[in-house]
Amino acid sequence: MRNYLRGALAIYAKDIRLEARTKETISAVLAFAIIIAFIFGFAFDPSPTIVAVVGPGIVWVAYVFTGILGMNRTFALERDRGTLDGLLLAPVSHESVYAGKLASTATIMLVVEAALFPVFLVLFDLNLFNVWFVLVALAATIGFATVGTLFSAIAVHTRAREVLLPLLFLPIVLPVIIGAVSGTDAAIAGDGWDGVGKWLQFIVAFDAVFLMLSSWAFDFVLEE
Amino acid sequence: MPSAAGPRSRAMGLGGRQLLLGVAALVFIIDLVLIFGYAPTASEALGVQVQRIFYFHVPSAIVGMISFGVSAFGSVMYLIKRTRKWDRLAWASAEAGTIIFTVAIATGAIWAKPVWQTWWVWDANGTLTFMLWLVFIGYLITRAYAPTVDRGARWAAVVAIFGAAAVPFVYMAADWWAGLHTERVTGPGASGSLESEMFYTLIFSLVAFGFLFAVLVAERSAQRAIDEQVEILRREVA
């Protein structure tokens, strides 16, 4: 158990240090997210009454799409630099590699999501500075990263990596998307635990089930 | 199950498959006679003649779900046992299931339009069917893009197992979501009661679709088994 955590932590620290120095993924993904939010302004009439209805939806469409972009890079960077084999040969279990990669992916996604708060506030007058929304976003992002890290390990080894990830990822995380949008709806409406609690518990249950399943499946995915 | 038959992980023999095909064809012809001759014309509320598509829609949706279950079960067994027959079962089941789900979705839309004035109803069953259809497509594309058959088999098995694990979550989320948006979800639920002739026809249709699924799985499994033998022979020659 201690080795598992130490291995995972080492890989997490490596990824975060790399990202802190290059800022490659965050800058590209954030720019993409801002463009999506901007385009949404023309996809519908951004008046307050309409934003109240479609607001949670656009937030999560932006988050999911940018998340996919970021997750595609989780293993693609390692593979392009030829460090993937080294990572897998490192004297840590594959579960540690999975946990470390999951944590770094989730962290990067959360940073981008937080950076988008002011963008949504300015463009759509959509106030996401709300503790319930933050909890929903945290739970949902962990769910996305859990499933996405596993599938990106599959996608990176295929000829069609950028296309395959969303194809596998989106149908499986559909319940998280439904839960996140509905939870956000309730959070913005100011319903508190009464409205958000059900969805929050639902997403956390999803996270727990898929965290166990993904840790188990990761070995089968990596096997040559 | 067809592909589980026989020693040395061989698929079902040619004679067995022809017999299965013959029986399935007979059952399907009888089913058509029942649907258009025996089953009574539905009440106004069910949409009169167009309601007969019900005998295609409901069985194909149910058999589609079963095909997903078979594919996920075959995938689990493959990851545990690592024998080709389980992978062939999972793969063939995914292919047959994709076709049968397509039938279910298409007939559902054709039926919903005249009865509920909308092609698509966002209820839990429809959402789950559509989601599993997408997972199957992802399953088949994963196999197509995999560098080797073995890796494709393992990855696809993981996809099928993840899909199966997501089923209760998708169903619950879609159900709650539909409850919140009732004004946009009109339709099923109040579909009227079934007369007994209708019920028997439905059960028979379910059996007919079950045979269709079994034929497709048996044929595809046998083809894959032959493919694998050809590949082995090719390597021996080379």
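## A helix-by-helix tour of chains A and B

Start just past the end of α5(A): select Asp125(A), which has a positive phi of about 55° and comes right after that helix. Keep in mind as you click around that this is a predicted model.

**Back along α5(A).** Now select residues 94-124 of chain A, the 31 residues of helix α5. Put a distance between its end C-alpha atoms and you should get 43 Å; at 1.5 Å a residue the helix should span 45 Å, so the two agree. Next, zoom in on Leu116(A), where α5(A) bends by about 30°. Pro118(A) is worth showing as sticks too, since this proline follows within four residues of the bend.

**Add α3(A).** Bring up residues 48-80 of chain A, helix α3. Its axis comes within 10 Å of that of α5(A), and the two cross at roughly 145°. Turn the view until you look through both helices: the crossing of α3(A) and α5(A) is right-handed. For the contact itself, pick residues on α3(A) including Val51(A), Gly55(A), Val59(A), Ala62(A) and Tyr63(A). On the α5(A) side, try Ile108(A), Met109(A), Val112(A) and Phe120(A), among others. Leu116(A), the residue at the bend, is also part of this contact. Colour the contact by class and you get eleven nonpolar, six polar and two charged residues. Lys101(A) and Glu113(A) of α5(A) are among the contact residues.

**Over to chain B.** Which helices of chain B each supply at least two residues to the side that touches chain A? Select α4 (124-145) and α5 (149-180). The biggest giver is α5(B), with 14 residues. Across the whole contact, chain B puts in 24 residues and chain A 24 residues. On the chain B side, 20 are nonpolar, three polar and one charged.

**How α4(B) and α5(B) pack.** Keep just those two helices on screen. Their axes lie 9 Å apart, at an angle of about 165°, which makes α4(B) roughly antiparallel to α5(B). As α4(B) passes α5(B), the crossing is right-handed. To see who meets whom, show side chains on α4(B), including Leu128(B), Met131(B), Leu132(B), Val135(B) and Tyr139(B). Facing them, α5(B) offers residues such as Trp155(B), Val159(B), Val167(B), Val170(B) and Tyr171(B). Glycines turn up from both helices: Gly138(B) in α4(B), with Gly152(B) and Gly163(B) in α5(B). By class, this contact divides into 15 nonpolar, five polar and two charged residues. For a last stop, select Arg143(B) in α4(B) and Asp175(B) in α5(B), both part of the contact.

Note on methods: Residues numbered from 1 in each chain as written. Chains lettered and ligands numbered in written order. Predicted model: local features only at pLDDT ≥ 70, side-chain atom pairs only at ≥ 80, totals over all residues. Contact = placed C-beta atoms within 7 Å. Nonpolar A, V, L, I, M, F, W, Y, C, P; charged D, E, K, R; others polar. Axes fitted to C-alpha atoms, helices over the stretch in contact; angles between N-to-C directions. Parallel < 35°, antiparallel > 145°, perpendicular 65-115°, else oblique. Left-handed = near helix turned anticlockwise from the far one by under 90°. Expected span 1.5 Å × (residues − 1). Bend = angle between axes of the 7 residues up to and from the residue.
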